[in-house]
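Here are some worked exercises to try with the model open beside you. Have a go at each task before reading its solution.

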Amino acid sequence: MTVRQLLAGYRGSRVHVLPNPGNGGDGLIQLGLRRLCAEFDLRVCELYSPQSARGELLLAPGAGNLSAAYHSVAERIDPYLNSFRTVCILPTSVQTDVPAVQRFLRHLPHGAHVFCRETVSLAQVRALLGDAASVHLDHDLAFEADLRPWARPGYGTLYAFRSDPESLDEPIPPGNFDVSGITGEWMAELLLDVVASHAVVHTDRAHVAIAAALLGRDTHLYATSYHKMRGIHEHSLAGYANVQFHERHGTLAHPVAGGGDDPRHAVWRRRAAALMGVRAAEGFA
C-alpha cells in the first residue's frame with residue numbers, strides 16, 4: 001500500500017493532520033501532503049499540539065524525527081493514538097534501536113499504518129512489529145509537492161551541509177549555507193527559492209536534495225550519521241540522471257572558488273529573520 005492508495009479510501013472525508021514542527025524541509029513535506037489531500041477532496045484539519053481532537057484518520061509526518069538524533073515526534077503523536085480510529089505515520093526514516101522510538105512503535109494501536117521512505121527502515125520496523133503490522137514502503141511526501149513555480153534557471157553552487165547531531169562531523173565547506181538550518185516549517189517557499197537559485201547543489205539535507213533533484217539541478221547528496229540519505233537515494237533518487245550519492249564531503253566534485261559567502265546569503269537570512277518575526281507576532285514562536 002502507498003499513501004496515495006490509503007487516502008483514496010477516504011476520498012471526500014474529514015481527516016486530521018499533525019504537522020511536524022521543524023525546518024523548511026518539513027514544510028516541503030507539508031506542501032506535498034496538502035496537494036495530495038486536495039487531490040482526494042479531503043477536508044483537512046491541521047492540529048497544533050497539544051490541541052485536542054478526535055476523528056477517523058490522523059496523518060502524522062515522521063520525516064527524520066524517529067532517529068537517535070531526533071525523536072520528539074513520538075512524544076507529540078503519542079497523546080493522539082487513542083483518539084482516532086486509524087493513525088498513519090507518513091513516510092519516515094526510523095532507527096528502532098533507539099529506546100524511545102522502539103517504545104513508541106510498540107505502543108501504536110492495532111490498525112495503525114507506518115510508512116517508511118527507504119528499505120532499511122522498512123526492514124527494521126517490520127522486524128520490531130512483526131508481519132501482522134501494517135508497515136509499508138513509499139516515497140517521501142516532498143515528491144508530491146508542486147514545484148512548477150520554481151522552474152527557472154539558477155547559477156552558482158549551493159553548499160547546504162548540516163552541523164547538528166545528525167551530521168558526520170566532517171569539516172563544513174567554506175561558503176556553506178545550511179538553508180534548512182535557518183528555516184522553520186512555514187518557510188518551505190524560502191527553501192525552494194534558495195535551491196532554485198542555484199545550478200549545482202551539494203547537501204546532506206534530505207529535502208534540499210529532493211528539491212534540487214526535482215528542479216533538475218546537478219545534485220550531490222551525502223551520507224549522514226545513519227542510513228537515511230543512502231536509503232532515500234537508493235529508493236527514490238537513484239533513477240535521476242542529475243543525482244549522485246557520496247559517502248564523504250571529501251568527494252566534493254566542485255570545491256568552492258575563493259571561499260566566503262555568496263552575497264545572496266545575506267538576503268535570504270534577512271528574509272528568514274523577517275518570517276520568524278511574523279511568526280512570533282502571530283503568537284507561534
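Before we start, one term: two residues are in contact when they have heavy atoms within 4.5 Å of each other. Keep in mind, too, that this is a predicted model.

**Exercise 1. Find what covers helix H8 (residues 228-237), and work out how many of its 10 residues are buried.**

Step 1. Go along the helix with the cut-off for buried, which is under 20% relative accessible area. You should end up with Lys228, Met229, Gly231, Ile232, His233, Ser236 and Leu237.

Step 2. That is seven of the 10 residues, so H8 is mostly covered.

Step 3. Now look at what sits over those buried residues. The cover includes strand E4 (84-94), E8, H7, strand E9 (218-222) and strand E10 (243-246).

**Exercise 2. Describe how H7 and H8 pack: how do their axes cross, and which residues make the contact?**

Step 1. Two packed helices are described by the angle between their axes and the distance between the axes. Here the axes of H7 and H8 come within 11 Å and cross at roughly 25°.

Step 2. Angles under 35 degrees count as roughly parallel, and that makes H7 roughly parallel to H8.

Step 3. For the hand, H7 passes H8 in a right-handed crossing.

Step 4. Pick out the residues that touch. H7 brings Ala206, Ala209, Ile210 and Ala213, while H8 brings Lys228, Met229, Ile232 and Leu237. Sorted by class, they come to seven nonpolar, no polar and one charged.

**Exercise 3. Do the same for helix H4 (residues 99-106) and helix H5 (residues 119-129).**

Step 1. The axes of H4 and H5 come within 10 Å, crossing at roughly 60°. That makes H4 oblique to H5.

Step 2. The hand of the H4 and H5 crossing is right-handed.

Step 3. On the H4 side you'll find Gln102, Leu105 and Arg106, which meet Val125, Leu128 and Leu129 of H5. The class count for this contact is four nonpolar, one polar and one charged.

**Exercise 4. Is helix H6 (residues 188-196) mostly covered or mostly open, and what does it pack against?**

Step 1. List the buried residues: Ala188, Leu190, Leu191, Leu192, Asp193, Val194, Val195 and Ala196.

Step 2. With eight of its nine residues buried, H6 is mostly covered.

Step 3. Trace the partners of those buried residues. They are helix H2 (24-39), strand E7 (157-160), strand E8 (200-203), helix H7 (206-214) and helix H9 (264-281).

**Exercise 5. Explain why Cys37 and Cys88 don't form a disulfide, then place Cys88 in the fold.**

Step 1. Recall that a disulfide is a covalent bond between the sulfur atoms of two cysteines.

Step 2. Check the gap. The cysteine sulfur closest to that of Cys37 is in Cys88, 10 Å away, and that's too far for a bond. Turn it around and Cys88 likewise has Cys37 as its closest partner, at 10 Å, too far for a bond. The structure as a whole holds zero disulfides.

Step 3. Check the exposure. Cys37 counts as buried at 2% relative accessibility, and Cys88 is buried with a relative accessible area of 0%.

Step 4. Place Cys88: it belongs to strand E4. Setting aside neighbours within four places in sequence, Cys88 is in contact with Leu6, Leu57, Leu58, Leu59, Ala60, His113 and Phe115.

Step 5. For a sense of scale, take Val267. Cys88 and Val267 are 179 residues apart in sequence and, C-alpha to C-alpha, 38 Å apart in space.

**Exercise 6. Look over the backbone at Pro50, Asp41 and Ala63: where does each one lie?**

Step 1. Begin with Pro50, in the loop between strand E2 (43-46) and strand E3 (55-66). The peptide bond joining Ser49 and Pro50 is cis, with omega about 10°.

Step 2. Move to Asp41, in the loop between H2 and E2. Asp41 isn't a glycine, yet its phi is positive, about 55°. Asp41 is partly exposed, at 48% relative accessible area.

Step 3. Finish with Ala63, which lies in strand E3. Phi of Ala63 is near 55°, again a positive value in a residue other than glycine. Ala63 is buried, its relative accessible area being 4%.

Notes. Residues are numbered from 1 along each chain as its sequence is written. This is a predicted model: local features need pLDDT of at least 70, side-chain atom pairs count only at pLDDT 80 or more; totals for chains, interfaces and linings use all residues. Side-chain values use heavy atoms; hydrogens and water are left out. Buried means under 20% relative accessible area, exposed over 50%, partly exposed in between (1.4 Å probe, protein chains only). Helices (H or I, at least four residues) and strands (E, at least two) are DSSP runs, numbered from the N terminus. Axes are lines fitted to C-alpha atoms, for helices over the stretch in contact, and angles run from 0 to 180 degrees between N-to-C directions. Angles under 35 degrees count as roughly parallel, over 145 as roughly antiparallel, 65 to 115 as roughly perpendicular and the rest as oblique. A crossing is left-handed if the near helix is turned anticlockwise from the far one by less than a right angle, and right-handed if clockwise. Ala, Val, Leu, Ile, Met, Phe, Trp, Tyr, Cys and Pro count as nonpolar, Asp, Glu, Lys and Arg as charged, and the others, Gly among them, as polar. A disulfide is a pair of cysteine sulfur atoms within 2.5 Å.
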